[in-house]
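This report examines selected side chains and one surface feature of a protein model. The topics are cysteines, a strand residue, charged pairs and a pocket.

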Amino acid sequence: MQPHEHLLIVGNGMAGHRLLEALLKHEHRPRRISVIGDERTPAYNRILLSSWLAGETTRDALTLRDAGWYAEQGVELILGERVSEIDCGRQRVTTGSGREIGYDRLVLATGSRPAMPDVPGIELAGVQGFRDLDDARALTRASQTGRHAVVVGGGLLGLEAAEGLRKRGMQVTLLQRGERLMNRQLDATAAELLRRELRCRGLDIVPNTRLASLEGDGHGHVRAVHIEDGRRLPADCVVVAAGIVPNVELGRRAGLETARGIVVDAWLTTSDPMSHALGECCEFEGQTYGLVEPIWRQVEVLAARLCHDRVDGYVEAPSATKLKVSGVLLYAFGPIEPDAGHEVLTYHDPQHGDYRRLLLRDNRIEGAILYGDTAFGPWYFEQSLAGRDLGTCRQALLFGAGDAKPLLEEAA
Ligand SMILES: Cc1cc2nc3c(=O)[nH]c(=O)nc-3n(C[C@H](O)[C@H](O)[C@H](O)COP(=O)(O)OP(=O)(O)OC[C@H]3O[C@@H](n4cnc5c(N)ncnc54)[C@H](O)[C@@H]3O)c2cc1C
């Protein structure tokens, strides 16, 4: 791309905005940059929606930049408008209102949406995902008028939504498909510690169940949830947090190669050399995304590419997970179940609700689950990413950097 060309970013979410910030720091950035997003407000910190729902932070804390900033930077920002078609041949997009915008280079950063199960009643008012500002506002309103909430999904998002609604005074039931909460991050022991803590707070958790149908109140609003074992749970609102679906339809209609996401190479280029995709809408080597850590690394690669810097391609790397439920400290990365080649180091203090489990292979950390005291999580993660041989401090490892580091340094 030549510096005088016009870059159009579709999607003013976390990936699109981060890309913009990275480009604006660059001397050789495209001369003209336009951003178009279908939400009505400029990009905000989506991660903090959970804390906002829980009443732990203000709306202002979510703001990344206001509209004035885009104008000051010379960026054309179009909000509240959805791109409906892309003509890759003519290098033009069309919006829902019929506006046509040409581009030299296109970036799709359209994110993903909640996966909604195909059950009777799913279209009822009061049944929703938890993805954006409007969702959080609708849930806050529901908590002011209703008493009962049902949250579908025992993963990170479901737990954060459930805790948020509970803190707003609702009686919350959480439905979970399997036995274990956060089954992508936690082993049975940590999941049980988490379940006990949340139950003590008043959250009703129903494991091994699925949504069967939703019952309306005769006026198009949800009134109750029916679950597979035949039980009926009253519900003034229902939050579905059972996975996400990448927004690929726009790219697919334009003829871009898509699978679950819009397929990209290591430089985030789609099957059309003038179009790129990044964030939750893209797919690289069969992988799609749901956390920002890998997306930030994609942004670095694409920003450099768009500014003609030489840059190595994007490579997959492990990510660590934290839960944003106040008072619950949890940090995990790597595989959950050990295999035959793993050495398992465990520390468990049930009285204080403290649990640490490390998976080692050849003295190198491959996975960690920390519940309670998570202070050493980032240090374990750093050691894991570096593939460091920790044989010399193995005995002290479970007690973290403070004890292990001196032994490591001594050995070096
Ligand atoms: C409540 C919540 C809590 C989270 N907590 C964490 C966390 O703790 N840690 C973590 O790593 N991740 C967390 N995530 C995930 C994180 O927010 C996402 O990974 C990140 O937002 C993905 O960025 P994105 O730009 O790909 O998608 P988004 O941020 O969703 O942005 C996509 C944007 O594109 C817009 N768009 C879509 N189609 C079009 C179109 N055709 N035309 C114009 N605009 C369009 C969308 O409306 C949206 O504004 C959380 C997500 C939620 C919802």
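Is C237 buried or exposed? In this predicted model, C237 has a relative accessible area of 2% and is therefore buried.

**Cysteines**

The number of disulfides in the structure is 0. C281, for instance, takes part in no disulfide, and its nearest cysteine sulfur belongs to C282, at a distance of 6.0 Å. Because a disulfide requires the two sulfur atoms to lie within 2.5 Å, a separation of 6.0 Å does not qualify. With a relative accessible area of 0%, C281 is also buried.

**The surroundings of Q128**

Strand β9, which spans residues 127–128, contains Q128. The relative accessibility of Q128 is 12%, so this residue counts as buried. Along the sequence, 111 residues separate Q128 from V239, yet their C-alpha atoms are 5.1 Å apart in space. V239 is also one of the residues in contact with Q128 once neighbours within four places in sequence are set aside. The other members of that set are M116, D135, A138, L139, V238 and V240. For D135 there is also a polar approach: its backbone oxygen lies 3.2 Å from a polar atom of the Q128 side chain.

**Salt bridges**

The count of salt bridges in the model comes to 30. The table lists three of these pairs with the distance between the closest N and O atoms.

| Acidic residue | Basic residue | N to O distance |
|---|---|---|
| E39 | R46 | 2.9 Å |
| E343 | R394 | 2.4 Å |
| E366 | R361 | 2.9 Å |

How are the partners of the first pair placed with respect to solvent, buried or partly exposed? E39 has a relative accessible area of 22% and is partly exposed, whereas R46, with a relative accessible area of 17%, is buried. The two values fall on either side of the cut-off, because buried means under 20% relative accessible area.

The salt bridge between E343 and R394 has its closest N and O atoms 2.4 Å apart. E343 belongs to strand β23 (residues 343–349), while R394 sits in the loop between α9 (377–386) and α10 (401–411), so the pair ties together parts that are 51 residues apart in sequence. E343 is partly exposed, with a relative accessible area of 29%. R394 likewise counts as partly exposed, at 24% relative accessibility.

In the pair formed by E366 and R361, the closest N and O atoms are 2.9 Å apart. E366 has a relative accessible area of 29% and is partly exposed; R361, with a relative accessible area of 25%, is partly exposed as well. Beyond these pairs, D87, R90, R92 and E100 are joined into one network by salt bridges that share partners.

**The second largest pocket**

The volume of the second largest pocket is about 190 Å³. Which helices each supply at least two residues of its lining? They are α1 (14–24) and α8 (292–306). Helix α1 provides the largest share of the lining, with 5 residues. The lining includes the charged or polar residues H17, R18, E21, K25, N45 and E300. M14, A22, L64, W296 and V299 also line the pocket.

Conventions
Residues numbered from 1 in each chain as written. Predicted model: local features only at pLDDT ≥ 70, side-chain atom pairs only at ≥ 80, totals over all residues. Heavy atoms only, no water. Buried < 20%, exposed > 50% of the residue type's maximum accessible area, 1.4 Å probe, protein only. Helix = DSSP H or I, 4+ residues; strand = E, 2+ residues; numbered from the N terminus. Contact = heavy atoms within 4.5 Å. Polar contact = N/O pair within 3.5 Å; in protein donor to acceptor, adjacent residues only side chain to side chain. Salt bridge = Lys/Arg side-chain N within 4 Å of Asp/Glu carboxyl O. 1 Å grid on protein atoms, 1.4 Å probe; cavity = no way out; pocket = protein on both sides within 12 Å on 5 of 7 lines; lining within 4 Å. Points joined across faces, edges and corners; volume = space filled by probe spheres on them.
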